[in-house]
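Q: Please take a close look at one part of this structure, the packing of a pair of helices, and then follow the description outward to the strands and loops that can be set beside that part.

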Amino acid sequence: MLNKIKVTLVQAPVWAPNLPPLGIAYLSSFLKDKNIDVDIFDFNIELYHSVPSAYQKFWEKEWYDCWNLENFIQFITNEYRELFDSWVTKIIQSGSLIIGFSINCGSKKLSLFLSEQIKQRDSSKYVVFGGPDLFGYKTNDLMSLDAPIDALVVGEGEEAFYELILCKEKGQNIAVPGTIVREGSDIRINKDRALIEKLDLLPIPDLTSFPLEKYTERETIPILSSRGCISKCNYCSDHQMWKRFRYRSSENIFQEISYWNSKGFKNFTFCDLLINGSLKHLESLCELLIQSKIQVFWGGMAIPKFLDASIIKKMKRAGCNWIFMGVESFSKRILKKMAKHIDPDESLEIIKRCHNEGIKVSIGLIVGFPGEEAEDIAINLAVLEKNYQYIEFVSVNPCCINLGTSLYNQIHNLQITLSGAICPALMWDAIDETQTVPNRLFLAKLFSDFLAEHYSERKSEYQKYDAFYYRTMYWYYQEKGNPILSQKYLEKLKLLNILAVPISLY
Ligand code: B12
Ligand code: SF4
């Protein structure tokens with residue numbers, strides 16, 4: 001028998017349109033397993049298909065921060081007023097008492113907008129926010145008195161959300177670990193929650209409730225074989241959100257892959273922080289796939305460690321055809337500063353081994369890390385110049401100092417100041433001016449230009465950085481009250497001839 005309370009789960013824009021979001025898919029299957037009636041709305045993918053193609057660039061990484069600008073949000077909500085109204089109506093008409101929004105750094109503003117509209121039309125609706133962007137917040141930042149939010153679920157959501165729903169159903173106070181709840185004019189901060197230990201017991205994510213044909217990688221299924229990470233790099237909040245590294249058994253993952261394969265899906269993307277957190281499990285999954293003879297293709301993120309020639313061969317035979325590795329720097333000095341325990345020589349070896357086996361390797365590179373010097377930059381450029389033929393794509397990211405990371409907690413010691421209302425994590429300067437926002441952004445441009453030249457097949461992807469660079473410089477100098485320089489970068493942005501919406505929105 002179904003429980004009395006119904007729940008609606010929402011993914012508001014913006015999120016990557018390539019695959020259905022696993023966060024609410026996991027929550028949905030968990031709740032349905034407990035006989036709770038659930039509706040899912042992925043409004044992100046709906047908006048993505050409702051805008052003209054020129055606007056779809058706002059879903060790209062380089063334009064993502066626009067979704068945090070008041071002007072931009074106003075523009076989108078006005079331009080698509082009817083669509084937004086219809087979403088609110090759908091939620092209200094779903095008959096759900098509890099509405100859960102999945103929050104990442106780009107979806108927060110529109111989730112707040114929608115929950116405000118919902119509350120205006122029916123104040124009895126109980127709004128819950130959960131998701132990766134909640135991590136690291138000081139509660140009251142999101143739970144201000146007038147915020148249209150009744151509760152936050154911080155971290156892993158399945159059990160905490162379910163218990164919260166049960167409390168609501170029974171009309172009890174919500175003393176649920178892992179939640180922060182509004183009680184009248186007070187905020188109750190409940191204690192932290194123990195982690196889910198037996199991931200095998202979680203039902204497989206409810207992907208059938210999503211319009212699978214609408215995602216840009218419509219033939220690919222996202223899959224999560226573990227939670228957490230074995231490392232603790234100091235610029236990263238992900239390992240803190242998931243806490244300890246836990247994994248599913250290889251049989252359990254194999255069952256999920258076989259299930260989707262029997263429905264005709266051949267491609268799988270692992271959304272884990274790393275697929276090689278337990279080599280034993282990775283190897284045994286590969287063996288199961290090889291023995292089964294099902295033909296599937298898969299990839300995911302990996303730490304550039306542990307992968308010797310034999311495991312790479314096995315991965316390839318089992319269908320692995322791409323890997324993304326967070327190499328971040330080839331300078332030992334900088335890796336040490338990042339508390340990233342990898343060896344650049346080993347990273348390079350692994351990249352070459354994968355390439356030679358036919359596994360495409362892309363890597364991440366952080367430029368302008370606190371304390372980075374000319375010598376470190378030269379090392380990175382030299383390695384890229386010499387080895388570009390082995391690397392599919394290099395994702396260049398100017399160093400951000402995100403809330404909740406141990407790097408953030410060190411800014412005082414490192415003599416760093418964070419400024420800027422827009423994208424504060426990116427807008428940091430060293431007090432002695434050895435590292436500044438313009439320097440760091442320029443450095444990333446230098447790398448992007450270098451890569452565009454050397455990796456000519458992906459030239460247009462590297463050139464996307466230009467728009468990010470000119471726009472961010474324009475913002476930066478606007479905030480600094482420097483009209484001459486802000487105008488200069490605005491002119492450069494205009495010259496790119498890619499503006500789809502009025503310039504005043506940036
Ligand atoms: C896979 C992934 C991607 C895939 C997305 C595939 C897809 N469409 O789903 C790709 C590679 C495309 C991607 C892109 C980006 N990503 Co990404 N991504 C991830 C990653 C590694 C895993 C996400 C995932 O599937 N997790 C598995 C699910 C089950 O976990 P979950 O969503 O967190 O949900 C759990 C809880 O959060 C909670 N929960 C979630 N929603 C809700 C809702 C309610 C109501 C409740 C109660 C609970 C709850 O319960 C869930 C189950 O326990 C995360 C890292 C991480 N921390 O996990 C980053 C992460 C989500 N990405 C991030 C970012 C910033 C991006 C980019 C914007 C930029 C970038 N770094 O590349 C781009 C997006 C732009 C674009 N167009 O590409 C950030 C978000 C930061 C933030 N503060 O919000 C993260 C956290 C990584 C990071 N720290 O930088 N990403
Ligand atoms: S390896 Fe990746 S996920 Fe793990 S702590 Fe480092 S940056 Fe975070």
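**A helix pair and its surroundings**

A: In this predicted model, helix α9 (residues 250-262) packs with helix α10 (residues 279-292) at an angle of about 45 degrees, the two axes lying 9 Å apart. The two helices, α9 and α10, are therefore oblique to each other, and the crossing in which α9 passes α10 is right-handed. On the α9 side the meeting residues are Ser 250, Glu 251, Ile 253 and Phe 254, and on the α10 side they are His 281, Ser 284, Leu 285, Leu 288 and Leu 289. Sorted by class, the residues of this contact between α9 and α10 comprise five nonpolar, three polar and one charged.

A second helix pair can be described in the same terms. Helix α1 (residues 22-33) and helix α7 (residues 158-170) pack at an angle of about 50 degrees, with 10 Å between their axes, and α1 and α7 are therefore also oblique to each other. Their crossing, too, is right-handed. Here α1 contributes Tyr 26, Leu 27, Phe 30 and Leu 31, while α7 contributes Glu 158, Phe 161 and Tyr 162. The class count for the contact of α1 with α7 is six nonpolar, no polar and one charged residues.

Turning from helices to strands, an open sheet of six strands runs in the order β8-β11-β12-β13-β14-β15, with parallel pairing. Its edges are β8 (220-223) and β15 (393-398), each of which has a single partner strand, so one side of each is left without a neighbour in the sheet. From one strand to the next, the twist of this sheet averages 15 degrees. At the β8 edge, the pairing with strand β11 (residues 267-270) is parallel and extends over four bridges, and within it Thr 220 has Asn 267 of β11 as its bridge partner.

Another open sheet has seven strands in the order β2-β1-β3-β4-β5-β6-β7, and its pairing is mixed. The strands at its edges are β2 (37-42) and β7 (186-189), each of which pairs on one side only. The twist in this sheet averages 20 degrees from one strand to the next. Helix α2 (residues 43-50) packs on this sheet, where it touches β1 and β2, and the direction of α2 makes about 30 degrees with that of β2.

Within the seven-stranded sheet, strand β3 (residues 98-102) deserves a closer description. Five of the five residues of β3 are buried, so the strand is largely enclosed by the rest of the structure. In a regular strand the side chains alternate between the two faces of the sheet. For β3, both faces are covered, with Ile 98, Gly 100 and Ser 102 buried on one side and Ile 99 and Phe 101 buried on the other. Strand β1 (residues 6-11) runs parallel to β3 and is joined to it by four bridges, with Thr 8 standing opposite Ile 99 of β3. The pairing of β3 with strand β4 (residues 126-130) is likewise parallel and spans five bridges, and in it Ile 98 stands opposite Tyr 126 of β4. Strand β4 is in turn joined by three bridges to strand β5 (residues 151-153), the two running parallel, and Gly 130 stands opposite Val 153 of β5.

Some points of backbone geometry remain. Most residues other than glycine have a negative phi, and most peptide bonds are trans. The peptide bond from Pro 13 to Val 14, however, is cis, with omega near 15 degrees, and Val 14 is placed in the loop between β1 and α1. Phe 306, a residue other than glycine, has a positive phi, near 65 degrees, and lies in the loop between β12 (297-302) and α11 (309-317). Because 16 C-beta neighbours fall inside 10 Å, Phe 306 counts as partly exposed. Glu 328 also has a positive phi near 65 degrees without being a glycine, but Glu 328 is found in strand β13 (residues 320-328). With 26 C-beta neighbours inside 10 Å, Glu 328 counts as buried.

Conventions:
Residues are numbered from 1 along each chain as its sequence is written. Chains are lettered from A and ligands numbered from 1 in the order in which they are written. This is a predicted model: local features need pLDDT of at least 70, side-chain atom pairs count only at pLDDT 80 or more; totals for chains, interfaces and linings use all residues. Axes are lines fitted to C-alpha atoms, for helices over the stretch in contact, and angles run from 0 to 180 degrees between N-to-C directions. Angles under 35 degrees count as roughly parallel, over 145 as roughly antiparallel, 65 to 115 as roughly perpendicular and the rest as oblique. A crossing is left-handed if the near helix is turned anticlockwise from the far one by less than a right angle, and right-handed if clockwise. Two residues are in contact if their C-beta atoms, placed from the backbone, lie within 7 Å. Ala, Val, Leu, Ile, Met, Phe, Trp, Tyr, Cys and Pro count as nonpolar, Asp, Glu, Lys and Arg as charged, and the others, Gly among them, as polar. A residue is buried if 20 or more other C-beta atoms lie within 10 Å of its own, exposed if 12 or fewer, and partly exposed in between; C-beta atoms are placed from the backbone. Two strands pair if DSSP finds at least two bridges between them.
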